Amino acid sequence: MIRTWVVLCFGALAWGQTQIFETPLSPRIANYKIDVTLDPEHRLLDAAEQLMWTNTTEHEATELQFHLYLNAFRNNRSTFMRESGGRHRGNEISSDGWGYTNVSSIKARLLAEEESGPYWNASQWPTLGESAWSLDHEFIWPDDDNQDDKTVIRVVLPEPVPPGGSVLVDIDFEACLPSPPFARTGAKEEYFFVGQWFPKIAVFTDEGVWNCHQFHLNSEFFADYGTYDVSMTVPEANILGATGLEVSVSETGNGMKTHVYHAEDVHDFAWTTSPDFVEFKGQAQDVEIRVLMQKDRAYQGERHLIAAQHSVTYFQDWYGDYPFPNLTVIDPRRGAAGSGGMEYPTLITAGSTYGLPESLRAVELVIIHEFGHNFWYHLLASNEFEESWLDEGINTYTEIQIMADLYGEKSDSIDFPFFKIGGLDMHRNRYASGPDLDPMLRDSWSYYSGSSYGINSYSKPGVVLTTLQNYLGRETMSKVMKTYVERHSFTHPTTEDFVAIANEVSGQDLTWFFDQAIHTNRVLDYTVSFIKSTAIDEGAGFDFDITRDDLMAGLKDDDEKEESDDEDKTYRTEVRLRRLGEFQFPVVLKVVFEDGEEVMETWDGKDLWKKFFYERKSKIASAEIDPDHLIPLDINYTNNSKTLELQREPMTHMNATWLDRFQIVLDLLAL
Amino acid sequence: MIINTFKNGWSKSWQHKSLALLWFLMIVLFAWLVSAPLRAGMAHMAGYSLVGQQPLGLMSFDFMTDFLLNSEGLLASAMAGTMVLVALWLFTSIYMTGAILGSLEGDRPVTTTRLGGNGGRYFFPFILHTLLVIVLFGISLLVPKLLGMLGDAIWGEDPYENIAFWYGIFKISVTVLLFWYAKRILDYGRIDLVLTKKASVWRSFVRSLRFARVKVHLVVGLGASFAAIYAIAFYAYSKFRLSLTLEVGKGVIIALLMGVVFTAFRALYRVAQWRAELDLYRSFLPPTVLPEAIDVQEDVDRVFESTLPGVEDFNEPLVATEPEPSVADEPAQPVISDDALSGIADAVDKHQQQD
């Protein structure tokens with residue numbers, strides 16, 4: 001069906017009728033038409049933006065609020081720069097590479113009901129007309145009152161936008177891109193990656209207030225869906241990639257070309273251009289894939305394409321339909337890593353270097369992760385400012401599952417012969433390095449540190465959801481994820497929505513689990529604290545009818561018993577478990593006796609400790625909690641088991657290994 | 001010549017296997033000491049846990065995570081001790097080098113007294129010489145910077161990544177080679193000190209530099225032969241260790257034995273390389289300056305003073321190869337420069353007079 005519609009769509013595009021979907025997939029609240037011209041020499045964007053915004057709430061909107069994200073890079077006094085110190089993901093803002101957005105004019109008018117559409121593209125929109133208001137804007141600081149921060153503006157309307165009403169807004173602006181690219185956007189020589197570049201209206205919530213946060217170091221974005229018609233004028237030698245589908249390309253006659261793109265049911269628009277791109281094309285199920293590689297890494301084009309094909313196939317098979325006809329994958333230029341590893345609707349950026357070995361699966365991991373965001377960010381547009389785990393965390397979980405299925409659980413991230421690491425292990429390691437600094441859920445800029453934001457937005461949710469999957473079973477978890485996608489696509493789902501779906505699909509009240517995992521910083525750590533087997537001397541002590549003669553005989557018997565074989569003995573075995581963390585979770589205990597007998601037990605894990613007793617002809621050999629390692633949320637696997645005897649062979653091997661490695665190092669160090 | 005020297009090095013190493021054994025024992029001892037805190041920490045944490053039940057080839061990432069996160073205090077406190085032990089090892093290795101080279105030089109039976117005497121005799125000269133060679137190591141580190149500037153001049157500061165990558169490989173390779181070459185100079189300087197009975201550290205250093213420059217093909221050829229053998233052995237050993245995917249219990253003994261064999265190989269290898277380098281170096285020294293021909297310690301310095309200052313180059317072997325037929329009583333051509341020849345002749349005269 002989708003494939004057929006894509007064909008129709010391209011056919012329609014050829015006729016200049018820009019329509020992708022038969023019916024709107026989303027509430028098209030924020031619709032944009034932007035004409036932008038790139039001045040490559042000065043990395044400037046000269047743009048005219050037209051916005052048609054509809055108030056879908058039951059409240060009047062007396063003002064509009066917009067994000068001016070590029071102003072985060074205006075100087076070192078912005079909130080972003082104060083929080084980051086000029087560094088983001090290992091990249092540093094250049095002292096002569098600042099960026100900005102300057103709004104030069106804002107005009108608007110309310111639309112009459114018959115003018116409000118729906119429209120498939122901006123060419124059908126009404127004009128602003130002479131009667132439009134000329135509006136002033138002012139900067140506001142809703143999060144931290146930093147008056148040097150210029151990333152949010154408010155525009156007061158002479159008349160409010162009534163519920164159900166629409167407003168048409170014209171904004172002229174100039175934007176300067178940071179160089180080299182920093183925090184996802186910018187320019188480097190001939191390469192431009194243009195993200196967070198236009199004045200973008202915030203989300204007017206059902207409560208009748210604007211949700212418009214400043215641009216922070218540890219936060220991403222939140223926006224409403226709509227259509228985008230964007231014409232980008234760039235040097236004619238350049239290749240261009242953007243969100244949506246290309247409608248037309250025309251020469252302007254001054255060495256420039258205008259590329260027109262159209263996108264529907266998306267909530268952001270990014271584009272890139274460079275003369276050095278090498279294009280690769282492929283198909284995955286019903287999705288056209290276009291990879292734009294840097295010339296010097298073109299030999300990795302196939303690798304990128306295959307990773308993108310895997311991404312599309314796995315996500316559609318496992319989580320739901322990706323309704324868009326295409327996906328564009330961008331390989332950022334050398335020296336422009338700041339624009340790598342980022343997601344936009346139908347367009348993602350990867351990240352690689354020349355010579356990256358196949359065993360280091362950074363390309364695959366990044367592409368699978370960033371494409372995943374086309375579900376957990378794009379289709380399900382949760383508020384990344386306030387609930388970052390819903391996009392980054394769920395995405396980390398799906399990335400872990402797909403990478404493990406593709407490349408093997410223990411070697412899917414790094415797979416050298418002498419060194420292997422799996423994605424789940426990597427995230428568990430990261431989580432265990434700081435498990436109790438914050439709860440998962442909080443405003444993304446208010447975590448204890450950047451590291452804690454990373455742990456609680458990426459790694460911990462990945463580990464939490466993997467633990468939940470092991471608890472519910474893969475099939476049930478798969479249904480949870482599919483239902484979440486089906487039910488909440490093209491909406492702004494919240495944590496409560498996800499929990500409700502999990503409860504409904506699993507048929508269980510999982511509130512006890514989510515409350516601990518999401519809303520607290522509780523740590524899960526169970527241990528086998530004690531094991532012991534003691535021979536039971538059945539003849540010891542006095543019987544009730546003891547006589548002097550019996551006493552003498554009994555003592556004699558005891559002497560004889562000491563000489564009897566061990567085989568005749570019965571052992572009383574005690575196993576003690578402890579809950580060292582506050583996180584309560586049911587656990588399985590496996591007890592193994594020396595004769596090979598295995599006993600499985602379960603414990604609800606609620607009390608601080610639990611004892612198990614056995615009487616057997618054999619001593620205990622070992623006891624182990626979670627023997628199959630199904631609870632990666634447990635921050636210490638090593639204390640999960642205890643053996644009666646010292647593990648000589650493993651310890652000998654471990655010692656020998658370290659001895660061997662130290663010998664080699666010392667030999668090399670010898671002067 | 002390289003092949004003969006190489007073979008001779010190995011055969012002499014086998015003859016002096018007690019020296020290799022000594023090195024083997026010292027390295028095992030130090031590795032055992034340095035790794036003690038780590039091993040103790042692991043034993044404490046995992047000795048009674050099932051976490052060690054894993055294939056032999058790889059360490060468990062889960063366990064390493066648990067260990068590192070739960071042993072921060074132990075690792076921090078062990079670090080200082082480890083650094084002291086490593087420093088002690090560096091000095092010990094210098095002492096041992098003197099002991100072994102001194103014993104190899106004379107091909108005499110190895111005795112405790114002789115080993116101890118040689119170790120003590122060369123300890124401080126070797127330390128001084130090492131400090132001189134450290135300057136060379138430092139220069140090696142400057143080379144990538146200089147090459148980087150050269151690269152910038154050729155391709156600019158924004159070259160295509162494939163150029164930067166391969167040029168980076170080239171820079172690393174050059175640096176490693178220079179390090180390796182400096183290590184050879186370190187060896188030959190020490191050999192010179194031993195052969196001249198530590199006549200002068202500075203002169204030995206200068207002579208080793210000259211030797212490594214003039215006889216670069218032999219120095220590199222012999223060193224590369226040994227490096228190749230080491231690389232092959234290391235690769236084979238690593239492959240073997242990685243192939244031990246047996247569960248614990250079935251392969252621990254094999255792994256242990258192979259570890260011992262590889263360490264023993266490295267000890268023999270070290271002795272063989274020193275012996276081969278010693279033979280190579282000795283074969284190019286004038287016989288008159290060899291201590292065996294003099295036997296009077298105080299003459300050595302004087303002989304070198306009078307001969308080697310004029311010796312600009314090591315050109316042809318004077319000992320290990322047959323001299324070219326020449327006009328009677330005329331020195332072989334082109335052995336060394338005229339100045340050097342006259343210096344050597346003077347030294348020989350003086351030496352004969354003293355005899």
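This passage describes confidence, one helix pair and one residue in a predicted complex.

The model is predicted: local features need pLDDT of at least 70, side-chain atom pairs count only at pLDDT 80 or more, and totals for chains, interfaces and linings use all residues. Residues are numbered from 1 along each chain as written, chains are lettered from A and ligands numbered from 1 in written order, and side-chain values use heavy atoms, without hydrogens and water.

The predictor gives the complex an ipTM of 0.80 and a pTM of 0.87. Chain B has an average pLDDT (the predictor's confidence in each residue, from 0 to 100) of 80. In chain B, 77% of the residues score at least 70. Among the elements of chain B (helices are DSSP runs of H or I, at least four residues, and strands of E, at least two, numbered from the N terminus), helix 7 (residues 161-195) has the highest mean pLDDT, 94. Helix 13 (residues 338-354) of chain B has the lowest, 43.

In chain A, helix 3 (residues 301-318) and helix 4 (residues 362-372) have axes, lines fitted to C-alpha atoms over the stretch in contact, that come within 9 Å. The axes cross at roughly 40° (angles run from 0 to 180 degrees between N-to-C directions). The two helices are therefore oblique to each other; oblique covers angles that are not under 35, over 145 or 65 to 115 degrees. Residues in the contact (heavy atoms within 4.5 Å) include Phe315(A) of helix 3 of chain A and Phe371(A) of helix 4 of chain A.

Ala43(B) lies in helix 3 (residues 36-46) of chain B. Ala43(B) is partly exposed (between buried, under 20% relative accessible area, and exposed, over 50%, with a 1.4 Å probe and protein chains only), at 32%.
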